[in-house]
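Work through the following exercises with the sequence and the coordinates at hand. Each task is followed by a solution in steps.

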Amino acid sequence: AGVFVKSEEAVQRLTEVDTVVLDKTGTLTEGRMDLAETHGSEAALDLAAALEAHATHPVADAFVRARGAGAGPVTCVEAEAGAGIRGVVAGHAVVVGRPDWVAGQTPSPLPADLSHAFRGAAERGRTPVAIVVDGAWAAGVGVGDRLRPEAAALIRRLQVDGTALHLLSGDDPAVVAAVARELGIADAHGGVSPEAKRARIAALQADGRVVAMVG
């Protein structure tokens, strides 16, 4: 099956797992995202794509496939895990990422039209991504990512076996809730940082659970 087993102890440990913590993007979903909807400045979308070309994430891949990466030279790139990326593109300060994180990068309030677009995208199961250029809200996208064909059967099998399931994702809480409803996962949380995921797993272990993290 293409699996190299390095540790017999690890295999034995797997037989004792009673709790599975699942990531969403690329785990329950295919991880091949597409820009399903766009709002705002076309120029800002191109600047965002040029910046995302310097990131390694399914959202970044979606930007580059849809818009290319030729908006100009990119410098001062800083990525924050589970949140977004910022940098200078063709002389413009550009920030791309989760709307709540991006909001913390600018003093400007989120415009009503973009706020409405982000809510609608999340309700449709799409990940909202915000773009700020030179401190001003410029554009947003809704990124689509299909569930893996085998995801529902996997969840049912684990539930039949009596395994406790938790879905922890850095994605928008509304998107995570939509995926959880579709798959029948009761305990699901979005907007969770990598550090918070680790803390949640440690809490489960401290409670005596044997945890497998899939992500």
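## Exercise 1: a contact at the start of a strand

The side chains of threonine 127 and aspartate 171 are joined by a polar contact of 2.5 Å. The model is a predicted one.

Task. Determine where threonine 127 lies and whether threonine 127 counts as buried or exposed, then describe the salt bridge of aspartate 171.

Solution.

Step 1. Threonine 127 belongs to strand β6, which covers residues 127-133.

Step 2. The cut-off for a buried residue is under 20% relative accessible area. Threonine 127 has 8% relative accessibility and therefore counts as buried.

Step 3. Leaving out residues up to four places away in sequence, threonine 127 touches Lys24, Met33, Val141, Gly142, Val143, Asp171 and Val175.

Step 4. Aspartate 171 also forms a salt bridge with lysine 24, with 2.9 Å between the closest N and O atoms. This pair links distant parts of the chain: aspartate 171 sits in the loop between β8 (164-168) and α7 (173-183), and lysine 24 in the loop between β1 (19-22) and β2, 147 residues apart.

Step 5. Both aspartate 171 and lysine 24 are buried.

## Exercise 2: the nonpolar cores

Task. Find which residues have the most contacts inside the largest nonpolar core, and which element gives the most to this core.

Solution.

Step 1. The largest nonpolar core has 23 residues, and Phe63, Val96 and Ile131 have the most contacts inside it.

Step 2. At least two residues of this core come from each of α2 (42-52), α3 (58-67), β4, β5, β6 and β7 (136-144).

Step 3. With seven residues, α2 gives the most to this core.

Step 4. Take valine 96 as an example. Not counting residues up to four places away in sequence, valine 96 touches Ala48, Leu51, Glu52, Phe63, Gly84, Ile85, Trp101, Val102, Val129, Ala130 and Ile131.

Step 5. There is also a second, separate core of 14 residues, and Val20, Ala151, Val179 and Ala180 are among them.

## Exercise 3: helices α2 and α3

Task. State how many residues of α2 are buried, what the buried residues of α3 pack against, and how arginine 67 and glutamate 42 are paired.

Solution.

Step 1. Eight of the eleven residues of α2 are buried, and the helix is mostly covered. The buried residues in α2 are Ala44, Leu45, Leu47, Ala48, Ala49, Ala50, Leu51 and Glu52.

Step 2. At the start of α2, serine 41 places a side-chain oxygen within 3.2 Å of the backbone nitrogen of alanine 43.

Step 3. In α3, the buried residues include Pro58, Val59, Ala60, Ala62 and Phe63. The packing partners of the buried α3 residues are β2 (34-40), α2, β5, β6 and β7.

Step 4. Arginine 67 and glutamate 42 form a salt bridge, and their closest N and O atoms are 2.7 Å apart. Arginine 67 is in helix α3 and glutamate 42 in helix α2, so the pair ties together parts 25 residues apart in sequence.

Step 5. Arginine 67 counts as partly exposed at 26% relative accessibility, and glutamate 42 counts as partly exposed at 44%.

Step 6. Just after α3, glycine 68 has a positive phi of about 75 degrees.

## Exercise 4: positive phi outside glycine

Task. Locate cysteine 76 and alanine 90, and decide how exposed each residue is.

Solution.

Step 1. Most residues other than glycine have a negative phi. Cysteine 76 has a positive phi of about 55 degrees, although it is not a glycine. Alanine 90, also a residue other than glycine, has a positive phi near 50 degrees.

Step 2. Cysteine 76 is in strand β3, residues 74-80. Alanine 90 is in the loop between β4 (84-89) and β5 (92-97).

Step 3. Cysteine 76 counts as exposed at 58% relative accessibility, whereas alanine 90 counts as partly exposed at 35%.

## Exercise 5: the surface

Task. Identify which residues make the nonpolar surface patch of about 280 Å², and describe the salt bridge between arginine 13 and glutamate 16.

Solution.

Step 1. The patch is made by Val3, Val5 and Val11.

Step 2. Valine 3 is in the segment before α1 (8-14) and is exposed, with a relative accessible area of 65%.

Step 3. The whole structure holds 14 salt bridges. In one of them, the side chains of arginine 13 and glutamate 16 meet at 3.1 Å, N to O.

Step 4. Arginine 13 counts as partly exposed at 47% relative accessibility, and glutamate 16 counts as partly exposed at 35%.

How values were computed:
Residues are numbered from 1 along each chain as its sequence is written. This is a predicted model: local features need pLDDT of at least 70, side-chain atom pairs count only at pLDDT 80 or more; totals for chains, interfaces and linings use all residues. Side-chain values use heavy atoms; hydrogens and water are left out. Helices (H or I, at least four residues) and strands (E, at least two) are DSSP runs, numbered from the N terminus. Buried means under 20% relative accessible area, exposed over 50%, partly exposed in between (1.4 Å probe, protein chains only). A polar contact is a pair of N or O atoms within 3.5 Å; within protein, one must be able to donate a hydrogen and the other to accept it, and residues adjacent in sequence count only if both atoms are side-chain atoms. Contact means heavy atoms within 4.5 Å. Patches are made of residues with over 30% relative accessible area and no salt bridge: like charges are joined within 9 Å, nonpolar side chains (Val, Leu, Ile, Met, Phe, Trp, Tyr) within 5 Å. Accessible areas come from the Shrake-Rupley method with a 1.4 Å probe; for residues, only the protein chains shown count as cover. A salt bridge is a side-chain nitrogen of Lys or Arg within 4 Å of a carboxyl oxygen of Asp or Glu. A nonpolar core is a set of buried Ala, Val, Leu, Ile, Met, Phe, Trp, Tyr and Cys residues joined through side-chain atoms within 4.5 Å.
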